[in-house]
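Colleague: Got a minute to walk me through this one? I'd like to go over the sheet, a couple of acidic residues and any odd backbone spots.

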Amino acid sequence: MGKISSLSKSIAILASVVMLVISSLVFSSPAEAKNYKVTMGAGGLQYNPKKVTVQPGDTVTFKNGMLPPHNVMFNPGKSPDAKLSKALSHKKLAMKPGESFDVNIPDNATSGDYEFFCLPHRGAGMVGHMIVE
């Protein structure tokens, strides 16, 4: 009788552990990547918003608003990772209203403040910041 009781307790403990593991897998969800939108030429020669805070794995969609053409060039001299700044840059000009392109933040992105600008309109103050946390 003692062996049956001991076996029952062992089975109950094993079942509890299995249920705990299964429930932790089902009910815990990893952080999902987010998509942020930045309008180029919003209400003039500016980005809207001018600052966007992202996590590695996120995507930023840059979309033409008014007064195209626009692009996004990351300033390697004012960023924590010059090589990544060059890789994130989108030199090609978006020519049409509503045209857009995505900038994907790599999983291994160095955190910090990445300054970006529109090449044709930098002198007019079309500058923004992407903060990677």
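Modeller: Sure. One term before we start: when I say two residues touch, I mean they have heavy atoms within 4.5 Å. Also keep in mind that this is a predicted model.

Colleague: OK, use that on E115 then. What does E115 touch?

Modeller: Leaving out residues up to four places away in sequence, E115 touches M73, F74, N75, K78, S79, R122, V127, G128 and H129.

Colleague: And where is E115 found?

Modeller: In strand 8.

Colleague: Buried or exposed, by relative accessibility?

Modeller: E115 counts as buried, because its relative accessibility is 10% and the cut-off for buried is under 20%.

Colleague: How far apart are the C-alpha atoms of E115 and G77?

Modeller: They are separated by 8.8 Å, with the two positions 38 residues apart along the chain.

Colleague: Let's back up. What's the overall pattern along the sequence?

Modeller: It reads α-β-β-β-β-β-α-β-β-β-β, which comes to 2 helices and 9 strands. The chain has 133 residues, and 30% of them count as buried. Among contacts with a separation of 6 or more, 65% come from residues 24 or more positions apart.

Colleague: Now the sheet. What's the strand order?

Modeller: It goes 3-9-8-5-6, an open sheet of 5 strands with mixed pairing. Strand 3 (51–54) and strand 6 (90–94) sit at the edges; each has a single partner strand, so one side of each has no neighbour in the sheet. From one strand to the next, the twist averages 25°.

Colleague: Which strands run parallel?

Modeller: Strand 3 and strand 9 (residues 127–132) do, joined by 4 bridges. T53 stands opposite I131 there. I131 turns up again on the strand 8 side, as the bridge partner of D113.

Colleague: How many bridges between strand 8 and strand 9?

Modeller: 6, and the pairing is antiparallel. Strand 8 (residues 112–117) also pairs antiparallel with strand 5 (residues 70–74), over 2 bridges. In that pairing F74 has F116 as its bridge partner.

Colleague: Changing topic: where's D58?

Modeller: In the loop between strand 3 and strand 4 (59–64).

Colleague: What's the nearest side chain of opposite charge to D58?

Modeller: K34, but it is 6.6 Å away, and D58 has no salt bridge although it is buried. There is something polar close by, though: the backbone nitrogen of K34 lies 2.8 Å from a polar atom of the D58 side chain.

Colleague: And what does D58 touch?

Modeller: Not counting residues up to four places away in sequence, D58 touches E32, A33, K34 and Y36, plus V103, N104 and I105.

Colleague: Last thing, backbone oddities. Which peptide bond is cis, with omega near 0°?

Modeller: The one from N48 to P49. P49 is in the loop between strand 2 (47–48) and strand 3. The bond from P68 to P69 is cis as well, with omega near 15°, and P69 lies in the loop between strand 4 and strand 5.

Colleague: What about phi at L67?

Modeller: L67 has a positive phi of about 55°, although it is not a glycine. L67 lies in the loop between strand 4 and strand 5. For context, most residues other than glycine have a negative phi, and most peptide bonds are trans.

Colleague: Why does L67 count as partly exposed?

Modeller: Because its relative accessibility is 48%, and exposed would need over 50%.

Definitions and conventions. Residues are numbered from 1 along each chain as its sequence is written. This is a predicted model: local features need pLDDT of at least 70, side-chain atom pairs count only at pLDDT 80 or more; totals for chains, interfaces and linings use all residues. Side-chain values use heavy atoms; hydrogens and water are left out. Two strands pair if DSSP finds at least two bridges between them. Axes are lines fitted to C-alpha atoms, for helices over the stretch in contact, and angles run from 0 to 180 degrees between N-to-C directions. Buried means under 20% relative accessible area, exposed over 50%, partly exposed in between (1.4 Å probe, protein chains only). Lys and Arg count as positive and Asp and Glu as negative; His and the chain ends are not counted. A salt bridge is a side-chain nitrogen of Lys or Arg within 4 Å of a carboxyl oxygen of Asp or Glu. A polar contact is a pair of N or O atoms within 3.5 Å; within protein, one must be able to donate a hydrogen and the other to accept it, and residues adjacent in sequence count only if both atoms are side-chain atoms.
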